[in-house]
Amino acid sequence: MVVCQKIHEIKRLIKTTKSEGKSIGLVPTMGALHAGHLSLLNAARNSCDSVVCSIFVNPLQFNNKEDYHNYPVDFQEDLKILEKSGNDIVFMPEAGDMYPESHDIKLDFQFLEKTMEGKFRPGHFNGVALAIIKFLNIVNPDMIFLGQKDMQQAVIVRKLLSEMSFQTELKVLPTIRESDGLAFSSRNKRLTGAQRSVASNFYNALTLGKELLSKGESPSEVSNKVEVYISSIQGISLEYFEIVDSNTLESKTAVNNNEDISLCIAGYVGEIRLLDNIILND
Ligand code: AMP
């Protein structure tokens with residue numbers, strides 16, 4: 001496995017890889033790797049000749065400094081996991097190399113960045129998009145692999161790729177969950193035992209919502225019941241629950257079975273913010 005920290009190193013490696021006619025897959029991560037990341041890497045390996053896993057805790061996408069400083073980091077463990085999984089290239093830039101100058105450019109994704117995560121994390125998607133653009137320019141991948149877990153991010157990256165005419169193809173992979181339904185997340189590593197045991201209630205709330213919608217209840221009735229469910233559980237608090245069109249992220253006031261609809265949730269267990277969603281027709 002080759003580990004590149006410097007942008008010029010990875011660019012050189014990419015040039016050689018491309019000159020050998022190999023296709024390149026990019027799996028961008030913030031490290032603290034888990035089964036969700038491994039599933040993306042696996043999919044990338046199945047579709048591309050060479051796979052770049054980037055590990056970069058992107059300061060621009062954290063609107064909350066404390067969250068940034070508390071984000072779990074264990075590069076040595078990540079490298080062991082990657083080596084064991086048969087990964088070939090790791091790109092671990094430092095923030096100073098990624099952003100050597102001021103970063104004044106602001107991208108505006110309009111409604112897509114104003115709803116759900118955007119409401120609670122102002123500037124988050126601007127930071128995500130700037131890092132993704134940099135990675136696309138540095139790695140020039142044929143395919144980029146993202147998780148459905150961060151559904152709004154995937155919608156925004158799809159928009160970015162299409163409107164900016166990037167040649168990279170986006171693949172969005174299903175959310176990998178623990179046996180009680182809790183979606184794997186790097187932030188789960190910060191949960192105490194007691195917090196971990198209530199954390200799966202976000203998933204339970206999503207499945208409750210899905211069941212009620214399937215029985216014909218309206219989105220507003222379902223939202224009320226899901227909010228009541230979450231408020232009945234000690235130790236967790238809801239930031240939002242939304243039933244949305246999976247492509248436009250517009251809230252649904254009625255549900256039609258042949259539409260792509262997702263149920264999305266975010267909230268806190270103690271200080272830890274968790275995010276999840278499920279697709280209605282999955
Ligand atoms: P992160 O390291 O949290 O920025 O995530 C890196 C990538 O892994 C993103 O595309 C996420 O959507 C994806 N991801 C995170 N958790 C999961 C999961 N449980 N299942 C599948 N993909 C995931």
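Let me begin with a pair of helices, H11 and H12, which pack at an angle of about 150° with their axes 9 Å apart; helices here are DSSP runs of H or I with at least four residues, strands are DSSP runs of E with at least two, and both are numbered from the N terminus. The axes are lines fitted to C-alpha atoms, for helices over the stretch in contact, and the angles run from 0 to 180 degrees between N-to-C directions. H11 and H12 are therefore roughly antiparallel to each other, given that angles over 145 degrees count as roughly antiparallel, under 35 as roughly parallel, 65 to 115 as roughly perpendicular, and the rest as oblique.

Before going on, I should say that this is a predicted model, in which local features need pLDDT of at least 70 and side-chain atom pairs count only at pLDDT 80 or more, while totals for chains, interfaces and linings use all residues. Residues are numbered from 1 along each chain as its sequence is written, and side-chain values use heavy atoms, with hydrogens and water left out.

Back to the pair: the crossing of H11 and H12 is right-handed, a term for the near helix being turned clockwise from the far one by less than a right angle, with anticlockwise counting as left-handed. Which residues make the contact? On the H11 side they include Phe202, Ala205, Leu208 and Leu212, and on the H12 side they include Val222, Lys225, Val226 and Tyr229, where contact means heavy atoms within 4.5 Å. By class, this contact has ten nonpolar, three polar and one charged residues; Ala, Val, Leu, Ile, Met, Phe, Trp, Tyr, Cys and Pro count as nonpolar, Asp, Glu, Lys and Arg as charged, and the others, Gly among them, as polar.

These two helices lead us to a sheet, an open one of three strands in the order S7-S8-S9, with antiparallel pairing, where two strands pair if DSSP finds at least two bridges between them. Strand S7 (236–245) and strand S9 (272–279) stand at the edges with a single partner strand each, so one side of each is left without a neighbour in the sheet. Neighbouring strands of this sheet are turned by 15° against each other on average, direction ignored. Strand S8 (residues 261–269) is joined to S9 by eight bridges, and leucine 263 has isoleucine 278 in S9 as its bridge partner. Helix H11 (residues 201–214) packs on this sheet, touching S7, S8 and S9, with its direction at about 150° to that of S8. Helix H12 (residues 219–231) also packs on the sheet, touching S7 and S8, and its direction makes about 160° with that of S7.

Now to the other sheet I want to show, an open one of six strands in the order S1-S4-S3-S2-S5-S6, with parallel pairing. Its edge strands are S1 (2–4) and S6 (169–173), each of which pairs on one side only, and neighbouring strands are turned by 25° against each other on average, direction ignored. S1 and strand S4 (residues 89–91) pair over three bridges, and valine 3 stands opposite valine 90 in S4. Helix H2 (residues 35–47) packs on this sheet, touching strands S2 (24–29), S3 (50–55), S5 (143–147) and S6, and its direction makes about 155° with that of S5. Helix H4 (residues 75–84) lies across S1, S3 and S4, running at about 165° to S3.

One more helix pair deserves a mention: H8 (residues 124–139) and H9 (residues 151–163) pack at an angle of about 50°, with their axes 11 Å apart, and are therefore oblique to each other. Their crossing is right-handed, and the residues of the contact divide into ten nonpolar, two polar and no charged.

Finally, the whole protein has twelve helices and nine strands, and its C-alpha atoms fill a box of roughly 55 × 40 × 40 Å, taken along the principal axes.
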